[in-house]
Amino acid sequence: MSVMVLRARSDLVGVEEAARLLGVSARHVARLGDQGAIHFVGRGVVERASVTEYLSERKFSPERAWSTETAWAAVALLSGLRVDWIGQTQLSRLRSRLRHMAMDDHGSHELIGRARNRADVRTYESYDFLAPTIKKNLIVASRQRLDLARSSRDELDGYIDVTTADRLEKRLGLRRDSRGSLILRVTTFDTNVIERIATEGNGALAALDIAASQDARAHGVGSRALHDYLEEFARDRRALSSPQHDP
């Protein structure tokens, strides 16, 4: 299919239009494509939905995102688990920021935006015969405490390290599709820690995942759950007595 035909499709945009929508330069659009943040489907052609998703994720908080390590520290704290990969001063500031979020009606939205660097979300077409191979490489956060467990039955959604994700994409010929039901949350963070959060935590990770969804119901359920986790954290005596500075 030629680029001219691709450009005529409403679900695809050229680099210049993508740059306009994102408010960045064409060169920055190319960098986002290289990073997997948006999806190029041909030379100079970008999937519109990937641009929409990129913007949607960042609309929750105008503030800068935390580093990958800080984002995962926040998730671990809300999950009721110990954090030992950031310094004590940074940890104290993070605890203070989370307590402030708990007192803010929009605190869950800020958390969604600030923690976005924990992983890059890649969505693919899903095929039943590939599911067993992919699933054994994924860390899946249980949604049992949320009322969306059944609605996601046909969806394969989990965390995976970037090296494994790139290898599977190439070996299995996975095709990016923003409407697909295979969601890989690709990360450079220690997957052993992520697995502990997913299996031993209280469910905060799953709530954070679905709260960033473009589906209104999923977003609502996730946001309300995140607010509850923030309030629970703020009530915990162990979260008190830290300097009130943003990380």
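Which residues in α6 meet which residues in α7? R97, L98 and M101 are the ones on the α6 side, and they meet G107, E110, L111 and R114 in α7, where contact means heavy atoms within 4.5 Å. More on that pair below, after a look at the whole chain.

## The model at a glance

A quick note on ground rules: this is a predicted model, with local features needing pLDDT of at least 70 and side-chain atom pairs counting only at pLDDT 80 or more, while totals for chains, interfaces and linings use all residues. Residues are numbered from 1 along each chain as its sequence is written, and side-chain values use heavy atoms, with hydrogens and water left out.

The protein has 12 helices and six strands; these are DSSP runs numbered from the N terminus, helices being H or I with at least four residues and strands E with at least two. Of its 247 residues, 48% count as buried (buried is under 20% relative accessible area, exposed over 50%, partly exposed in between, with a 1.4 Å probe and protein chains only). Looking at contacts with a separation of 6 or more, 74% come from residues 24 or more positions apart.

## The β4-β6-β5 sheet

One open sheet has three strands in the order β4-β6-β5, and its pairing is mixed. Two strands pair if DSSP finds at least two bridges between them. The edges belong to β4 (120–124) and β5 (156–161), each of which pairs on one side only. Ignoring direction, neighbouring strands here are turned by 25° against each other on average; axes are lines fitted to C-alpha atoms, for helices over the stretch in contact, and angles run from 0 to 180 degrees between N-to-C directions.

On one side, β5 and β6 (residues 182–187) pair in the parallel sense over six bridges. Along that pairing, L156 stands opposite L182, Y159 opposite R185, and I160 opposite V186. On the other side, β4 and β6 pair in the antiparallel sense over five bridges, with V121 opposite R185.

## What covers the strands

How many residues of β6 are buried? Six of the six are, so β6 is largely enclosed by the rest of the structure. In a regular strand the side chains alternate between the two faces of the sheet. Here L182, L184 and V186 point one way from β6, I183, R185 and T187 point the other way, and all are buried.

Edge strand β5 is mostly covered too, with five of its six residues buried. From β5 the chain crosses through α9 to β6, and this β-α-β crossover is right-handed (with the strands pointing away from the viewer, the path from the first strand over the helix to the second runs clockwise). Helix α9 itself (residues 162–172) lies across β4, β5 and β6, running at about 120° to β5.

## The β1-β3-β2 sheet

The other sheet described here is also open, with three strands in the order β1-β3-β2 and antiparallel pairing. β1 (12–14) and β2 (40–42) stand at the edges with a single partner strand each, so one side of each is left without a neighbour in the sheet. The twist averages 40° from one strand to the next.

β1 and β3 (residues 45–47) pair in the antiparallel sense over three bridges, and L12 stands opposite E47 in β3. Helix α2 (residues 15–22) lies across β1, β2 and β3, running at about 95° to β1.

## Back to α6 and α7

Two packed helices are described by the angle between their axes and the distance between the axes. For α6 (residues 88–102) and α7 (residues 107–114), the axes come within 7 Å and cross at roughly 140°. That makes α6 oblique to α7: angles under 35 degrees count as roughly parallel, over 145 as roughly antiparallel, 65 to 115 as roughly perpendicular and the rest as oblique. By class, their contact has three nonpolar, one polar and three charged residues (Ala, Val, Leu, Ile, Met, Phe, Trp, Tyr, Cys and Pro count as nonpolar, Asp, Glu, Lys and Arg as charged, and the others, Gly among them, as polar).

Helix α7 is also the place of H109. At 27% relative accessibility, H109 counts as partly exposed. The C-alpha atoms of H109 and S223 are separated by 7.2 Å, although these residues are 114 apart along the chain.
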